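Welcome! Here is a short tour of one protein model, with its charged pairs and its largest pocket as the main stops.

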Amino acid sequence: MQAIGAALSVLTAAMMARTSSFSADAFCSSPRVVIAPIVTAATSSVLSLPRGGGGRGGGVRGGAMRLNSSAATSSANDEDSPSKSGGGEQTIALATFNLIKGAVGAGVLSLPAGVAAIGDVPRALLPASSILFALGTISAYTFHLLGRLTAVASAESSSSAKGDRDAITSIGQLWDHEVGPSTSWLVSLAVMLMCFGTSLSYSIILGDTFKSLAQTVGVRGGSVLATRRFGVVVAALLGVYPLCCLKSLAALAPVSMCGIVGILATCVVMTLRALPGGAYSAAAAGATLNHLSSLPAELRPSFGVTGLRGPRSPLVLSSMIATAFLVHMSAPEFYHTLESPTLPRFGTLAAAGFGGTAIISAFMMAVGFLTFGGASRGMILNNYSATDAGATLCRLLMGVSLLGSYAFLSNAMKKAYYQIFHRGEEITDRLHYRTTRLFVSMLTALALLVDDAGFVVSLTGAVLGSGLIYIIPSFLFLRSTKRRIDDGSLPHTATLRAERWWNRGLIGLGTFLALAGAYMSVINSFFPHLL
């Protein structure tokens, strides 16, 4: 790790010689559309920093930026605030596209491994699909729940004595409104850890991608240039670190289109390979396009060896599924950027967006599993041969997309870190680069030690996904409704009582999935014989 840090220090010195002082707008800017799973959701909701220029909380001073001490004032002077225009410009169709684009990403490529944890027979897809659609329905409910709470909190803020406050556009502001700023560090911590876990899985995937691409261009397997660890280091030094040091991420917005093309291309290639007589089927062993002979034994399709496993095995998949639906941190912004935002329209968005995400995820989960069965890796593209031109194209597109997404994740992670450990301090160039080196060094070192992206996705989904999807929205709902019941502004009807009990149950479900899912993720990855 010291060697990695030294190399990054050299790169830092070169970049600092070419860069000027911070701009608050540059550091805090994030695209209005969702860039990658979790990325913009985290960026837009990280107890946001004040926009430069005027307003509350200070701005740029002497080439540095001061963090606002209150998350609730994050966008108090943003001229583009939806609350000042009566709604945003996103139609339901565009918002649905952005929601699906934000949810369906690299994480969906881990789902076949989740099915393989249940069993290596095709009927394992039945419980797997049932779990996916059930959790997808609950995720849509809690996403819509955050929209309802946003509408209430925004109305209360605009009608209060402090009527100059902006509409609630982040979950951090929503937490401040219902719980208070003294515990807002919990949201920052959740976002920081979520971004850290997702970044770690990206580092692992990038290492695998570089390794496969090196083999494709003819680098021999025994060469250090064709190893996963070499790919991790090269990606960190030449791609991840320079991009994470950028002060403005506006130029990286087009990578979202690369991600979309990558997912579509991967879907097409995986479908073709899963067809009867495809390039990885035993029936096509003598065909020109058959790639089985180029795969090691552990990556070749495997069916019917173990059958269905025990009743605990679906917990691995349920943890992975959490990352496939994790866009809840951007729910308040989705609500306010929706054209003519109303709860019925937001409900339509939630139903269409999560329904589309569930269908795409289920399809890719199925075609990946039906191709490789129990041999499905934590990153399904790793199963495909380095001689497979279609898979190589998919790896290349996904690699470019992940590099761009990494920068957005890093931006959100650092802002959350500053909010916890440097609140009220000026964010200088020195602190910015030092923090970037710290995170990139830690992530690179861990990626050299951990080689299973599926394990990281599953563990992150179990602990953080469960908290952000099931626990936090339900907790905020219970706090909000209790407060309004107590002050007489909300009738305590039988329907409301039932919904409050339902949300108490979701908190219990989230706690169970977090603990049991994390346990099963470890068992499945390191002690599979215990399943």
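## Terms and ground rules

To sort lining residues by character, Ala, Val, Leu, Ile, Met, Phe, Trp, Tyr, Cys and Pro count as nonpolar, Asp, Glu, Lys and Arg as charged, and the others, Gly among them, as polar.

Please keep in mind that this is a predicted model, in which local features need pLDDT of at least 70 and side-chain atom pairs count only at pLDDT 80 or more, while totals for chains, interfaces and linings use all residues. Residues are numbered from 1 along each chain as its sequence is written, and side-chain values use heavy atoms, with hydrogens and water left out.

## The largest pocket

A pocket is an open set of points on a 1 Å grid over the protein atoms alone, where a 1.4 Å probe fits, with protein on both sides within 12 Å along at least five of seven lines; lining residues have an atom within 4 Å of a point. The largest pocket has a volume (the space filled by probe spheres set on the points, which are joined across faces, edges and corners) of about 910 Å³.

Its lining consists of 34 residues, and E298, L299, R377, G378 and N382 lie nearest the centre. Two or more lining residues come from each of helix 5 (111–118), helix 8 (185–216), helix 16 and helix 17; helices here are DSSP runs of H or I with at least four residues, numbered from the N terminus. Helix 8 gives the largest share, 4 residues. By character, the lining divides into 13 nonpolar, 12 polar and 9 charged residues.

## Salt bridges across the chain

Side chains of opposite charge can pair when their charged atoms come close. Searching the whole structure gives 5 salt bridges, each a side-chain nitrogen of Lys or Arg within 4 Å of a carboxyl oxygen of Asp or Glu.

One of them joins R148 and E499, with the closest N and O atoms 2.7 Å apart. R148 sits in helix 6 (residues 125–159) and E499 in helix 17 (residues 494–526), so this pair ties together parts that are 351 residues apart in sequence. R148 is partly exposed at 24% relative accessibility, whereas E499 is buried at 17%; buried means under 20% relative accessible area, exposed over 50% and partly exposed in between, using a 1.4 Å probe and protein chains only.

## A bridge within one helix

K482 and D486 also meet in a salt bridge, at 2.9 Å from N to O. They are 4 residues apart in helix 16, so about one helical turn separates them. K482 is partly exposed at 46%, and D486 is exposed at 55%.
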